[in-house]
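I opened my notebook on a structure that was new to me. These are the things I looked up, in the order I got to them.

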Amino acid sequence: MTTQGKFKKQLTLTDLTFIGLGAIFGSGWLFAASHVSSIAGPAGIYSWLIGGLAVLLLGIVYCELGAALPRAGGIIRYPVFSHGELMGYLLGFITLIAFSSLISIEIVAARQYAAAWFPFLSQPGSGNPTLIGWLVQLVLLCFFFALNYYSVKTFAKSNNLISVIKFVVPLLVIVVLFSFFKPENLHSQGFAPFGSAGVEAAISAGGIIFAYLGLTPIISVASEVQNPQRTIPIALILSVVLSTIIYVLLQVAFLGSIPSEMLSGGWAGISQQFSLPYRDIAITLGMGWLAFLVVSDAIISPSGTGNIYMNATPRVVYGWARAGTFFKIFTRVDGESGIPRPALWLTFALSIFWTLPFPSWEKLIGVVSAALVLSYAIAPVTAAGLRRNAPDLPRPFFVRGFCVLGPVSFIISALIVYWSGWNTVSWLLGLQILMFVVYILFKNKVPTHAVSLKQQVWSSLWLIAFYALIIITSYLGSFGGINAIGHPWDTLTVAVIALVIYYWGAYTCLPQANFTGDEEE
C-alpha cells in the first residue's frame, strides 16, 4: 500500500557518479559524432569542449544548491524556494516533457541500433518502428518500470552493472580507431569549413548538449544520498570531467579514422555516409568484430540511460507536486520501498505516449536538448536569488567567484537554446508563455501558500521577458530565422539579453525564501 513515507538514504558516491555518467552516456555518443562532423567539420572538437564547459559551470551551480538543499525533485523545487510557485510550475511543465520524452528517445535509439541485426524492428528507410519493434520498446519500458518500482537500491545496482559494461566499448573504440588515425583528416577541406556558426550550431543540432545533460538525475535523487553535502558535488564534477575527456577522444578518433577518399566531397555528407557512426566506420575499416561490440553496446547504453530517467522523472513529478502546482497524489511515497509510486506510474504512461508514433532521433534531438537546457538554465538565477533572500542558509559547498560564474553560465545556456534554431525555439518557448497565461487565468485554483500571486508574477516576469526576447531574436537571427541580424551579431545580441535578464531575475526574487511546507525528506 502507498503511504506518505520517506525517501531512504541508500545511494553512495559510487552509485551517484555512475548515475551521472550513466545518464550522460546514452544514445548521444552513438549518434553525435557524424552529425557534429557534418555541421562543424574537425572544429566540432571545440563544440564538445564548449558543451562540456557549459555543463560543468551549470553543474558547479547545482553543487551549491544540491548540497544546501538535498531534496527529491530539487530541480523543480529550488526555483519555488527563490522565486515562488509560478516558477516551479513553469519549470515543472517543461522538465516533465523533457525527461519523460528522453526515456522514449533512448529506447528508440536502442531499437534503431538493434535493427542492424534484426531488420524487422524498423521500417525500411524511415527508421520508425514496425509493430514488432514498438512491442520490443514497450517490453523494455515495462522492464525499467519494474526495476524502479521496488527499491532505489535495486535500480542503483542494476545501473552500476550496466554502466561498467557500457564504458568498456567506447574506450575500446577510442584505442582501435586511433590505430587508423590520419592527422591530415583534421585539415581536409579546412579545419572549420563552416566557421564559428558551425561550431555553435553543432552544440545543439549535433546532439552535443543532449549527450552531456545527465546532471539532473543526480539532483533528483538528492534526498536518497548518503552524506549529500560531500557526495553530490564530487559526483557532479566527476561525471562532467570524465565524460568530456571521453567524448573529445571519441570525436577525434572518428575524424581521424575516416578513409581520406570519403572526404573528397567535404564534411557535409558525413552524417549520411555514417548514419550509425561507430558501427559504420568499423565496417568500413573491415573490423566486423568491433561493429558487433558497438551494436551490442548501442543496445545497452541507451537502455541504461532510459532506466536512469525512468528513476529520475518520478522525482521531478514529486518535486512539482510538492511545490504546490501539481496534483497532490504525486507527493505520496511508498513507506516500505521509499519509491514515489504514483509519480512512477505517470512517468511510465508518458514514456509510452511519446512512442505513439515516435519521430526519428535526429528530429527530436534539438527539441529535447533545448528543453533540458531551459530546465538547467534557471539554476544560476535561482542560486543568485537564494543568496539574496536566504543569506543564512547553510551552504556546505559555497561557489566562489559566483559573481562571474553565475551570469556566464546563464549566458551560455541562453546561447545553446538560441542555437537550437527558430523551429525549436518558437514553439518551445511559445508554449512556456502560454502556460504562464494559463496559470494566471486559473489563479483562483492555484494554492499560493506564503507567497501572493502578485509576488509570484513579479518574481517571474523576467523569465517571460527572456522567452519573448529570445523568440524575437531567433526570428530575426541566422539560426533558422530571416537573417535580419547576421552572425555573429545575433549571438552577441542573445548574450547581452541574457546578461540583463540574469540580473533582473536575481534582483526580483522573493523578499524572503519560500520554504513554507518544506522539510527534508
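**A patch on the surface**

I started with Phe-292, which sits in helix α14, residues 288-322 (helices, H or I with at least four residues, and strands, E with at least two, are DSSP runs numbered from the N terminus). Before going further I noted that this is a predicted model, where local features need pLDDT of at least 70, side-chain atom pairs count only at pLDDT 80 or more, and totals for chains, interfaces and linings use all residues. Residues are numbered from 1 along each chain as its sequence is written, and side-chain values use heavy atoms, with hydrogens and water left out.

Is Phe-292 buried or exposed? Phe-292 falls in between: its relative accessible area is 49%, so I put it down as partly exposed (buried is under 20%, exposed is over 50%, partly exposed lies between, with a 1.4 Å probe and protein chains only). Phe-292 belongs to a nonpolar surface patch with Trp-117, Phe-118, Phe-120, Ile-132 and Val-136. Together the six have about 570 Å² of accessible area (Shrake-Rupley method, 1.4 Å probe; for residues, only the protein chains shown count as cover). A patch takes residues with over 30% relative accessible area and no salt bridge, joining like charges within 9 Å and nonpolar side chains (Val, Leu, Ile, Met, Phe, Trp, Tyr) within 5 Å.

**The chain as a whole**

Next I stepped back. I found 20 helices and zero strands in the protein chain. Of its 521 residues, 64% are buried. The accessible surface comes to about 18100 Å², and carbon and sulfur atoms hold 70% of that. I also looked at contacts (heavy atoms within 4.5 Å). Among those with a separation of 6 or more, 84% are between residues 24 or more positions apart.

**The core**

Which residues have the most contacts inside the largest nonpolar core? I got Trp-48, Tyr-247, Tyr-278, Phe-410 and Phe-466, in a core of 164 residues (a set of buried Ala, Val, Leu, Ile, Met, Phe, Trp, Tyr and Cys joined through side-chain atoms within 4.5 Å). Helix α5, residues 85-114, gives the most to this core, with 16 residues.

I then picked Tyr-278 and left aside its neighbours within four places in sequence. Its contacts include Trp-29, Ala-33, Tyr-113, Val-173, Gln-251 and Val-294.

I made one more long-range check, on Leu-242 in helix α11, residues 228-257. Its C-alpha atom is 8.1 Å from that of Leu-21, although the two are 221 residues apart along the chain. Leu-242 is partly exposed, at 37% relative accessibility.

**Salt bridges**

How many salt bridges does the structure hold? I counted three, taking a side-chain nitrogen of Lys or Arg within 4 Å of a carboxyl oxygen of Asp or Glu.

Arg-387 and Glu-64 make one of them, at 2.7 Å, N to O. Arg-387 is in helix α16 (residues 361-389) and Glu-64 in helix α3 (residues 44-68), so this pair ties together parts 323 residues apart in sequence. Arg-387 is partly exposed at 24%, whereas Glu-64 is buried at 3%.

Glu-64 also meets Arg-395, at 3.5 Å, N to O. Arg-395 lies in the loop between α16 and α17 (402-419), so here the parts tied together are 331 residues apart. Both Glu-64 and Arg-395 are buried. I drew Glu-64, Arg-387 and Arg-395 as a linked network of salt bridges.

Arg-279 and Asp-280 form another, at 2.9 Å, N to O. Arg-279 is partly exposed at 21%, and Asp-280 is buried at 12%.

**Odd backbone spots**

In the loop between α19 (453-476) and α20 (489-507) I found Pro-488. The peptide bond from His-487 to Pro-488 is cis, with omega near 10°.

Asn-483 is in the loop between α19 and α20 too. Its phi is near 65°, a positive value in a residue other than glycine. I noted Asn-483 as partly exposed, at 46% relative accessible area.

**Cysteines**

Last, I looked for disulfides (pairs of cysteine sulfur atoms within 2.5 Å). The count is zero. I did look up two cysteines: Cys-403 is exposed at 61%, while Cys-509 is buried at 10%.
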